[in-house]
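User: Hi! Could you walk me through this structure?

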Amino acid sequence: MTILPAIAFAKPTNVKKGTVVIFAAQDADIVEEGIDIDPSGTLARAASAAKFKGKKKSTFEVLAPHESPAEKIIVIGLGKADELTASDWLALGGVMKKAMGDAAAVTVLAHELIGADEASTLAQGAILRSYSFKKYKTTKKDEDKDEPKAQKITIQCVEATAAKKRWADDEGVAKGVMLARDLVNEPANILGPEEFASRARALEALGVDVNVLSEKEMRKMGMGALLGVAQGSVRPPQLVVMKWNGGKAKDKPIAFIGKGVTFDTGGISIKPAGGMEDMKGDMGGAAAVTGLMHALAARKAKANVIGIIGLVENMPDGNAQRPGDIVTSMSGQTIEVINTDAEGRLVLADALTYCGQEFKPQFMINLATLTGAIMVALGKHYAGLFSNDDELAGQINEAGMSTGEKVWRMPIGPEYDKMIDSTFADMKNIGGRWGGSCTAAQFLKRFVGETPWAHLDIAGTAMASPSNDINTSWGSGFGVRLLDQMVRDAYEG
Ligand code: BES
Ligand code: MN
Ligand code: ZN
């Protein structure tokens, strides 16, 4: 368990002990009027000696002068303060957390500088940066372990009361992100389909309705595509259906669907050994959907939301499916399985069909660590966005820009559709050498009918993505903040 700092908001006062954080805009004076922690001007002299100019996200610290009530003063540069966006404040929270380390008592003097939303966002950045996954480290040095170091961060700002209210929501979202990270980081021996399903069931405590479909029930519904993937594993598949009813009874639900391959060996089309351990994270889409449901329920989102995750393990085995096998999906369409390593789309095919038929949602958005090719196309900073609906794609793109969880629109169309036609069945599960992410998306589109739909290929962003100001963990929790924001902006009243 990560030990997270306790967060508090308070109206500006004069009590300052322990570590104090203050902010400085580019080329401006550091200490604002009325902040009496540096009576002798030591800070200004030290800043000048250190050539600290208030550049955005730069930091600088001094031991507080002896006549100051504080012990240590950390100054954080803002750059051009009036141009800062929400994702800047989030990053600044992460920068601030890094600079303060484990200091027990930290007071952040934000005073008139920021409003309630920014204060809360700053706290969210600090919390997200605090996350680490070290539960299996038992013998390493102290700094490698999660020692219970209690830390309290008090943010002083004029709008403290409103900030506290906003924080109730933002903390819930942060917890959703961290739940997703935990699920992605967990090794596959500990987290198989059943174990994942029971973690999802824990969302019942937040008022989420959770229902788990067993292998038998899936067979009855004809989910031959999903079951074909699962048949090589001794661990039975699970389809988890989560419902959050925060909207009006008459509102059609919105739906999120996640690929939950708890481990992807490739099956009979087995992957090479190097780096295969990363395939414990092949449930990053399911983790994001679960984390999102946590976030929405925790902040009591005013929307009716369905979360569906298809959980399977893709293993090579005497009972595993073979290249050339033809499976019948729940939609009735048949699929020739050319490559058993293109399994995520098989799982999603049935999960999407089920979602569409059962819930007739306003839209379906699926998340999946679907293709290595998306990393070739976009690297690890953008998720691939594929959609049959420009408005939906626009909403996701907007949320991407405001949260910093960025997406880039990729094409689908008849050219790609042709590439997955099969000689023996309605389609095949791979489309040849080129455009691998696009043919994968095109495959999914065959299972969504007329419903507005978007597919996020998060293979590059959900795991092993570069550390940043608010994440230093292997699993990033990508998608939770993105879609939470999208729901807030476009689907709540
Ligand atoms: N889970 C992988 C995609 C992946 C690769 C995610 C690397 C994260 C990191 C997916 O199931 C897969 O194996 N895709 C194949 C598709 C191919 C067989 C058409 C791929 O990308 O190589
Ligand atoms: Mn695969
Ligand atoms: Zn996979």
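Analyst: Happy to; we'll start with a metal site and then turn to a ligand. This is a predicted model, where local features need pLDDT of at least 70, side-chain atom pairs count only at pLDDT 80 or more, and totals for chains, interfaces and linings use all residues. Residues are numbered from 1 along each chain as its sequence is written, chains are lettered from A and ligands numbered from 1 in the order in which they are written, and side-chain values use heavy atoms, with hydrogens and water left out.

User: Cool. Which residues coordinate the zinc ion (ligand 3)?

Analyst: Lys259 (NZ), Asp264 (OD), Asp282 (OD) and Glu343 (OE) do, at 2.0 to 2.4 Å. Donors here are N, O and S atoms within 2.8 Å of the metal (3.2 Å for Na, K and Ca); water is not among the atoms, so sites may look incomplete.

User: And what does Asp264 bridge?

Analyst: Asp264 bridges the zinc ion (ligand 3) and the manganese ion (ligand 2), which lie 3.2 Å apart.

User: Are Asp264 and Glu343 buried or exposed?

Analyst: Both Asp264 and Glu343 are buried. Buried means under 20% relative accessible area, exposed over 50%, and partly exposed in between (1.4 Å probe, protein chains only).

User: New topic: what polar contacts does ligand 1 have?

Analyst: One is a polar side-chain atom of Asp282, 2.8 Å from a nitrogen atom of ligand 1. Another is a backbone N or O atom of Gly372, 2.7 Å from an oxygen atom of ligand 1. For a ligand, a polar contact is a pair of N or O atoms within 3.5 Å.

User: How much of ligand 1 does the protein cover?

Analyst: The protein covers 76% of the 520 Å² of accessible area that ligand 1 has on its own, using the Shrake-Rupley method with a 1.4 Å probe.

Methods:
Polar contact = N/O pair within 3.5 Å; in protein donor to acceptor, adjacent residues only side chain to side chain.
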